[in-house]
Amino acid sequence: MDLNLWKNKDELKKFLENLGIEYRYGCFEENNPESCHLLGDYLLSIDKARAKAAQVYKTNCDDNKYGLSCDAYGRMAFRGQGMEGPDLPLALKYFIKGCDLNEPRSCYHGGQMLGVKDKNVNQFITPDPDKSLSMLKKACLMGKQPAACTLIHSFYLRGFHGKPADLGMAAKWAQIACDQDEHTACFNLSRMYHLGDGVPADQEKSTYYRERAKEIAKGIRKNLEPKKDARPDL
């Protein structure tokens, strides 16, 4: 929702007030998990009430088993929003909860925390490469988190946390990521076919995936270009 489209500030204020009432009614009176999540979004982005938003997300995750709220609460815990400070173990706990509820974003975020080499994370979270891969693969194969596919590819490409590199598996997951329009994975797959790393050398496929990567990257750049205001004069 683009609030900049509203020219009359009084109308915008009234609209937002009614929206808050609608979400509160749906959450507290109808016990609708989607409404509760939207209320959390409203409290966070409109009211700037971070602590209240965090509590709504947490309750909606714990009581209503709404995976998207588990992920939202996990992200707030990771950043320390609406609480005393960042709490990475708490964040991971809720990412795992969300993943168990089949929320792909939670699977990606939890898998990332368990797999990255980052002293700021690793001092609080013990790396678990097997659990990391399990969560990332779930996120990737649900088809909604292509970045998870690319991260799996990079882990297999370089090896991580004591696990050796596996170029065959790296190529497999690069293919899956590329099929989900991850241009970096397409570029890497092109290079692997060019060099014969993990796959038989094939210059035709190398060219195909290089051009595919360029096509995807071009689309990304186009989407990032400022859009002209196409609204007619009223």
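Biologist: Before we start, what is a pocket here, and what counts as a lining residue?

Modeller: On a grid over the protein atoms, a pocket is an open set of points with protein on both sides within 12 Å along at least five of seven lines. To be counted in its lining, a residue needs an atom within 4 Å of a point.

Biologist: Okay, so which residues line the largest pocket?

Modeller: Keep in mind that this is a predicted model. Two helices, α4 (67-79) and α6 (104-115), each supply at least two residues of the lining. The full list for the largest pocket is Arg75, Phe78, Arg79, Phe95, His109, Gln112, Met113 and Val116.

Biologist: How many of those lining residues are nonpolar, polar and charged?

Modeller: Let's go by class. The space in this largest pocket comes to about 160 Å³. Its lining splits into two charged, two polar and four nonpolar residues.

Biologist: Let's zoom out. How many helices and strands does the protein chain have?

Modeller: Follow the chain from the N terminus and the elements read α-α-α-α-α-α-α-α-α-α-α-α. The count for the protein chain is zero strands and twelve helices.

Biologist: What percentage of the residues is buried?

Modeller: To be called buried, a residue must have under 20% relative accessible area. The C-alpha atoms of the chain fill a box of roughly 65 × 50 × 30 Å along the principal axes. Among the chain's 234 residues, the buried share is 38%.

Biologist: And how is the chain divided into domains, and what separates their centres?

Modeller: The chain has domain 1 (17-144) and domain 2 (146-225). They do touch: 14 residues of domain 2 are in contact with 19 residues of domain 1. Taken over C-alpha atoms, the separation between the two domain centres is 29 Å.

Biologist: Where does the largest nonpolar core lie?

Modeller: This core has 39 residues, and Met113, Ile125, Leu136 and Ile152 touch the most other members. Elements that give two or more residues to this core are α5, α6, α8 (129-141), α9 (146-158), α10 (167-179), α11 (183-195) and α12 (203-224). Both domains give residues to this core, so the place it lies is between domain 1 and domain 2.

Biologist: Take Ile125 from that core. Which residues is Ile125 in contact with, leaving aside neighbours within four places in sequence?

Modeller: Ile125 is one of the residues that touch the most other members of the largest core. With those sequence neighbours set aside, its contacts are Leu88, Pro89, Leu92, Met113 and Leu114.

Biologist: How many residues are in the second core?

Modeller: This one is separate from the largest core, and Tyr23, Leu43, Cys61 and Tyr73 are among its members. The second core's total is 19 residues.

Biologist: Is Thr150 buried or exposed?

Modeller: Thr150 sits in helix α9. Beyond residues up to four places away in sequence, Thr150 touches Ala177, Glu182, Thr184 and Ala185. The cut-off for buried is under 20%. Thr150 has a relative accessible area of 15%, so it is buried.

Biologist: Now Glu84: is it buried or exposed?

Modeller: Glu84 is in the loop between α4 and α5 (88-100). Its C-alpha atom is separated by 41 Å from that of Ile216, 132 residues apart along the chain. Exposed means over 50% relative accessible area. Glu84 has 90%, so it is exposed.

Biologist: What is the phi of His161, and why would anyone look twice at it?

Modeller: Most residues other than glycine have a negative phi, so a positive one catches the eye. His161 lies in the loop between α9 and α10, and counts as partly exposed at 23% relative accessibility. It is not a glycine, yet its phi is positive, at about 45 degrees.

Biologist: What about the phi of Asp181?

Modeller: Look in the loop between α10 and α11 for Asp181. Its relative accessible area is 39%, so it is partly exposed. Asp181 is not a glycine either, and its phi is positive, at about 70 degrees.

Biologist: Last one: what distance separates the C-alpha atoms of Asp166 and Tyr156?

Modeller: Asp166 is in the loop between α9 and α10, and is partly exposed at 34%. Along the chain, Asp166 and Tyr156 are ten residues apart, and the distance between their C-alpha atoms is 5.2 Å.

Notes: Residues numbered from 1 in each chain as written. Predicted model: local features only at pLDDT ≥ 70, side-chain atom pairs only at ≥ 80, totals over all residues. Heavy atoms only, no water. 1 Å grid on protein atoms, 1.4 Å probe; cavity = no way out; pocket = protein on both sides within 12 Å on 5 of 7 lines; lining within 4 Å. Points joined across faces, edges and corners; volume = space filled by probe spheres on them. Helix = DSSP H or I, 4+ residues; strand = E, 2+ residues; numbered from the N terminus. Nonpolar A, V, L, I, M, F, W, Y, C, P; charged D, E, K, R; others polar. Buried < 20%, exposed > 50% of the residue type's maximum accessible area, 1.4 Å probe, protein only. Core = buried A, V, L, I, M, F, W, Y, C linked by side-chain atoms within 4.5 Å. Domains from an automatic or database assignment. Contact = heavy atoms within 4.5 Å.
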